[in-house]
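Visitor: Could you take me through one part of this model up close, and then show me how the rest of the chain is held together? I'd like to start at the surface and work inward.

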Amino acid sequence: MTTQNKTAVVTGASAGLGAAYAQRLADRGYDLVLVARNAARLETLAADIRGRTGRAVDIVAADLTDAAQISVVEERLRTDESVEILVNNAGGGLFTPLAVSDAAASEALINLNVTSLTRLTTAVLPGLTARGRGTVVNVSSALALNILPVSAVYSGTKSYVLTFSQALQQELAESPVVVQAVLPGAVRTEFWDGSGADLGAFPDEWIMSADDVVDAALAGLDAGELVTIPSLPQISDWESFEKARQTLVPNLSLKAPADRYRG
């Protein structure tokens, strides 16, 4: 499939951050492929975007916890040569002590937050690198850094998204393909429904709108940020955090144990 148009694929596109990304990317001139479970919502959003912007919008109704349905999206990413952006936004939340959690729910969360994101990125990258252009946006979370007693699985999945993105950034350092990780804090969306956390219990000043998150994320992308934390006042704070992490690297693998471990 060859076209002069440019296409953005957005997962979790039926509401919240995904719907906001869809609107903003259409405004930037991208045709869209919108992926989510709720076909009716996707079609409503697609009709709105088509009518407002004139962009072409396809929908793919898929449950990204299911391997067979992931494969449908993978095939589109492998074969559609117009794809220039993949926004891996689909994700869920689970906030409960692990000792009383449901293992099947944890597995489903890992499949959605980690497995599908990895598979879709793996599907799209060969085409982007071959064409010499493109962007992958991976939506992580501030809870990849701010780990809570009830967020063992969720923070684990979002830490994966961050480190996965950072590894790809190194892998693609000599390539024009860009990988951005976005770490939102609390966002006023349906994400919280059934998550085990009550958004209403949070102070209002902690909660950002989906539109503001996406606008900040795209501004960060335009500015060349590889990691964007929408509410962080100074990017230098993140840079200091990363610098501190890098100071550990020379001593992470040595022949002899540290002195404190020797009797």
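Guide: Happily! Let's begin with a nonpolar patch on the surface, formed by Leu-248, Val-249 and Leu-252, which together have about 290 Å² of accessible area. Keep in mind that this is a predicted model. Within the patch, Val-249 is found in the segment after helix H7 (235–248). Val-249 counts as partly exposed because its relative accessible area is 40%, a value between the 20% and 50% cut-offs.

In soluble globular proteins, nonpolar side chains tend to be buried together. So let's turn from the patch to the interior. The largest nonpolar core has 31 residues, and Tyr-21, Leu-25, Leu-32 and Leu-34 are those with the most contacts inside it. Several elements supply at least two residues each to this core, among them strand E1 (7–11), helix H1 (16–27), strand E2 (31–36) and helix H6 (210–222). H1 gives the largest share, 7 residues. If you click on Tyr-21, you will find it touching Val-10, Val-87, Val-137, Val-139, Val-182, Val-214, Ala-217 and Leu-218, leaving out residues up to four places away in sequence. There is also a second, separate core of 26 residues, including Val-73, Leu-77, Val-83 and Leu-117.

A polar residue worth a look is Thr-228, in strand E7 (residues 227–228). Thr-228 is buried, with a relative accessible area of 3%. Its side chain makes a polar contact of 2.9 Å with that of Glu-225. Beyond its neighbours within four places in sequence, Thr-228 is in contact with residues including Gln-180, Val-182, Ala-217 and Leu-221.

Now for the charged pairs: the whole structure holds 13 salt bridges. One of them joins the side chains of Glu-84 and Arg-133, at 2.9 Å from N to O. Glu-84 lies in strand E4 and Arg-133 in the loop between helix H4 (103–131) and E5, so this pair ties together parts that are 49 residues apart in sequence. Glu-84 counts as buried at 18% relative accessibility, while Arg-133 is partly exposed at 38%.

Arg-50 and Glu-43 also meet in a salt bridge, at 2.8 Å. Here Arg-50 is partly exposed at 31%, and Glu-43 is partly exposed at 34%. Another salt bridge links Arg-262 with Asp-259, their closest N and O atoms being 2.9 Å apart; Arg-262 is partly exposed at 48%, whereas Asp-259 counts as exposed at 61%. Finally, Arg-24, Asp-211 and Asp-215 are linked in a network of salt bridges.

Notes:
Residues are numbered from 1 along each chain as its sequence is written. This is a predicted model: local features need pLDDT of at least 70, side-chain atom pairs count only at pLDDT 80 or more; totals for chains, interfaces and linings use all residues. Side-chain values use heavy atoms; hydrogens and water are left out. Patches are made of residues with over 30% relative accessible area and no salt bridge: like charges are joined within 9 Å, nonpolar side chains (Val, Leu, Ile, Met, Phe, Trp, Tyr) within 5 Å. Accessible areas come from the Shrake-Rupley method with a 1.4 Å probe; for residues, only the protein chains shown count as cover. A salt bridge is a side-chain nitrogen of Lys or Arg within 4 Å of a carboxyl oxygen of Asp or Glu. Helices (H or I, at least four residues) and strands (E, at least two) are DSSP runs, numbered from the N terminus. Buried means under 20% relative accessible area, exposed over 50%, partly exposed in between (1.4 Å probe, protein chains only). A nonpolar core is a set of buried Ala, Val, Leu, Ile, Met, Phe, Trp, Tyr and Cys residues joined through side-chain atoms within 4.5 Å. Contact means heavy atoms within 4.5 Å. A polar contact is a pair of N or O atoms within 3.5 Å; within protein, one must be able to donate a hydrogen and the other to accept it, and residues adjacent in sequence count only if both atoms are side-chain atoms.
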